[in-house]
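Work through the exercises below with the sequence and the model open side by side. Each task is followed by a solution in steps.

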Amino acid sequence: MLADGTHLTVCAYDCPDSCGMVATSRNGQLIELEGRKDNPYTRGFICHKGRRWVRNLRGPDRLTSPLLQKNGTFVPIGWDEALDLTAAAIQSAVNRHGHQSFLFYEGSGNLLMGNKVQKLLPLMLGGGTMATGSLCGSEGKVGLARSYGTVGRDQPLAALQSKSILLWGRNPVENSVHFLAILHDARRAGARLGTIDVRATPTTDISDSSWIVRPGSDMKLVLYLCHEAILLHGKPAAPHKGYEAFARACLQVSAEDAQQATGLSAEALHALVGFIMDQPPLSIWTGYGLQRTYWGADLVHAIDALGFLLGTHGIPGGGVWFDQGDDDLLPSDVATVPGAHPRLVPRPDLAASLLAADPPIEAAMFVRGNPVSQNPDAGKMLQFLEKCPFSVCLDWHMSVTARACRLVLPTTVFLERGGDYVMSYFHDILQKTEQVAEPPGGVRDELDIIRDVATRLGLPDRFTPEMARLTEVEQDQRLTPAGPGMWRLSDVPRIQGTFHFPATIPEAVFRSGMLRLITVHVRDYINGIDPGQAHVRVLPPVASIPAPLAHERGLTEGQLAILRNDLGTLKVRVHLDKSIAAGTIVLAQGVEGVNLLVSPDLTPAGNSCINDSWVLLEPACG
Ligand SMILES: Nc1nc2c(c(=O)[nH]1)N[C@H]1C(S)=C(S)[C@@H](COP(=O)(O)OP(=O)(O)OC[C@H]3O[C@@H](n4cnc5c(=O)[nH]c(N)nc54)[C@H](O)[C@@H]3O)O[C@H]1N2
Ligand SMILES: Nc1nc2c(c(=O)[nH]1)N[C@H]1C(S)=C(S)[C@@H](COP(=O)(O)OP(=O)(O)OC[C@H]3O[C@@H](n4cnc5c(=O)[nH]c(N)nc54)[C@H](O)[C@@H]3O)O[C@H]1N2
Ligand code: SF4
Ligand SMILES: [Mo]
């Protein structure tokens, strides 16, 4: 039994903040969760999503028994039967079509490093089928890495030395409250805050200045800003390559071009030029929404070029930031199987790839992921699950994906395991997890479930020794202890050597007659909706549309409407929003049905184009 008292751990949600936590446990139950004061970024507080675990671990939505779907109803079954069924289905798929007939799909339900060990299940079978590419932040990383060859590591505290801070397509008031706290400190120290977005947000509300631009117009905007930077500063002194061609392209973009593309007035554009130039040092923080497009990498690279032209690179309080790699701390040979050759299918286009797979997928396992809710072209994902002979979802509550699977297995969450690590993808702190609660009866440890399936398939237990190797991360030479179970990671700086200017400037694609659908992350839940947010489960979902568009179409506040494209249709309730850029509709991501309309296109680097989705808006009949 877990000892009573306090334990130090870390929030493993897919959230940039990775809060240090102090948990109080009694009789094996979590009774209080607070912020850890000595974490230099998260500084003693956690958000309501983290705190909700106190209730959710033993809440009414917690799954406590394996559930098998029979004629559309889930019935509880015993663990032995559930594990036998799972192993038999995988074995049958492998016997009929080879190991690639087994899909092992992982989402980003938590950021634990030890998750890597679970891949041994498909790998020991020969490789299986797994997903590659990102729905999240990889385009921006690809873009930043083009500048100097490396992504580097963000230092959010760098903002404290900035005198001007520009958030570009980033909404920390909702999605990164600890960065917000740092921004408040920076402002108290004299910095001004500016935000570029496609709509008003709680972040634009607290900004000193904000600029609302049409989605897809940021490239024209950044080229024009580079034009102004070139006129003022000329050719940079720092080593660089490709300046001439890039400068020529920028100088062709006039203020009028930028205004026309973005919808900004001449005064607003002029003010933005002043914002980036007048009060150095300037730091620019690009966000995720901005780069979930076909040209996401090019855009972030061009914004980095703007930072370079303005002379912000490498100076205290300056620079262009996004996000970083977070999983290079584990030795590369952890959980590897020589000779395994998994079939990799693109995550953004998962459903179509699975439907077309040859050999076909006949057994699918979903771990920490919710693709029916979160992946593009969700309608096809449901079609795939209807067709696939066997599907099993490991989760702690009945997610939208679990509901569509044949079998659901209730697992522990990070607070009930311990002995793992979380490396933030935003700041430089590595933290160790501790077990802070006993799992409820009927719930099994996630790795134990996978190990038991492997055993039934006649595979050896490589899971236990590989899990024991996790502590090897603590030996990494780049780590400095920063408190119990907490280390700071120093990476090589991103800005070093020669800056490479973008070599090609893509034109954004617009679909005439259609509206761009932008889906955004929101305050109350992370990605797919967890239990406890009844208010956001209310259907139909709310679509915010520009007030002039509503008037043009005769739509009024609260009216039902239909969004439609080649992929599907969705009934929505209209909300008139004066702030949204023309031609744009905004919906919260994670709401059921939204991804029926989301584009499964891939960027050249294999990542998602979620915000390149286009829809028609029609009044709902009846
Ligand atoms: N509360 C909460 N926190 C979260 C999450 C959550 O779901 N809820 N999710 C976590 C995860 S996984 C992620 S990836 C991050 C996401 O964190 P953010 O980057 O802050 O969130 P997004 O909503 O993806 O996009 C940010 C902003 O980009 C704007 N935007 C979209 N397209 C464009 C464009 O073309 N140009 C411009 N200029 N702006 C644009 C959107 O309107 C939005 O306000 O948040 C993490 N934190
Ligand atoms: N339209 C649209 N779609 C988007 C986005 C968008 O902005 N717009 N954002 C994208 C982004 S940035 C991301 S990161 C992805 C996220 O995509 P997913 O990772 O698929 O998202 P979640 O819904 O959070 O799914 C994670 C599931 O893991 C479960 N889970 C949590 N902890 C554990 C655990 O310890 N074990 C197990 N087995 N399960 C656990 C959760 O309950 C949840 O059901 O979504 C993407 N999809
Ligand atoms: S969800 Fe994010 S902000 Fe909230 S407690 Fe977890 S890491 Fe901290
Ligand atoms: Mo994400």
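The exercises cover the domains, the ligands and some local backbone features.

This is a predicted model, in which local features need pLDDT of at least 70, side-chain atom pairs count only at pLDDT 80 or more, and totals for chains, interfaces and linings use all residues. Residues are numbered from 1 along each chain as its sequence is written, chains are lettered from A and ligands numbered from 1 in the order in which they are written, and side-chain values use heavy atoms, with hydrogens and water left out.

**Exercise 1. Describe how domain 2 and domain 3 meet.**

Step 1. Set the bounds: the chain is divided into domain 1 (67-135 + 332-411 + 441-474), domain 2 (138-321) and domain 3 (515-619). These bounds come from an automatic or database domain assignment.

Step 2. Take the centres over C-alpha atoms; those of domain 2 and domain 3 are 26 Å apart.

Step 3. List contacts (heavy atoms within 4.5 Å): 20 residues of domain 2 touch 22 residues of domain 3.

Step 4. Compute the buried area, meaning the accessible area (1.4 Å probe) that two parts lose on being put together, summed over both. For domain 2 and domain 3 the result is about 1800 Å², and carbon and sulfur atoms give 55% of it. On the domain 2 side, R199, R292 and Y294 lose the most area to domain 3, together 35% of what that side buries.

**Exercise 2. Place ligand 1 and describe its surroundings.**

Step 1. Collect the residues with a heavy atom within 4 Å of the ligand. There are 34 around ligand 1, and D197, R199, D218, Y288 and Y525 come nearest.

Step 2. Sort the shell into classes: 14 residues are nonpolar, eleven polar and nine charged. Here Ala, Val, Leu, Ile, Met, Phe, Trp, Tyr, Cys and Pro count as nonpolar, Asp, Glu, Lys and Arg as charged, and the others, Gly among them, as polar.

Step 3. Assign the domains: ligand 1 lies between domain 2 (138-321) and domain 3 (515-619), because both give residues to its shell.

Step 4. Find polar contacts (N or O atom pairs within 3.5 Å). A nitrogen atom of ligand 1 is 2.8 Å from a polar backbone atom of V522, and a nitrogen atom is 2.9 Å from a backbone N or O atom of N175. The side chain of K49 has an N or O atom 3.3 Å from a nitrogen atom of the ligand.

Step 5. Compute the cover (Shrake-Rupley method, 1.4 Å probe): ligand 1 taken alone exposes 900 Å², and the protein buries 98% of that.

**Exercise 3. Which domains give residues to the shell around ligand 2?**

Step 1. Of the 33 residues around ligand 2, S108, Q374, D395, E446 and N595 come nearest.

Step 2. Domain 1 and domain 3 both contribute to the shell, so ligand 2 lies between them.

Step 3. The shell divides into nine nonpolar, 17 polar and seven charged residues.

Step 4. A side-chain N or O atom of E446 is 2.3 Å from a nitrogen atom of ligand 2. A backbone N or O atom of N370 is 2.9 Å from an oxygen atom of the ligand.

**Exercise 4. Locate the cis peptide bonds at P281 and P359.**

Step 1. Recall that most peptide bonds are trans.

Step 2. The bond from P280 to P281 is cis, with omega near -5 degrees. P281 lies in the loop between α12 (266-278) and β12 (282-286), where helices (H or I, at least four residues) and strands (E, at least two) are DSSP runs, numbered from the N terminus.

Step 3. D358 and P359 are joined by a cis bond with omega about 5 degrees; P359 is in the loop between α14 (350-355) and β15 (363-367).

Methods:
Polar contact = N/O pair within 3.5 Å; in protein donor to acceptor, adjacent residues only side chain to side chain.
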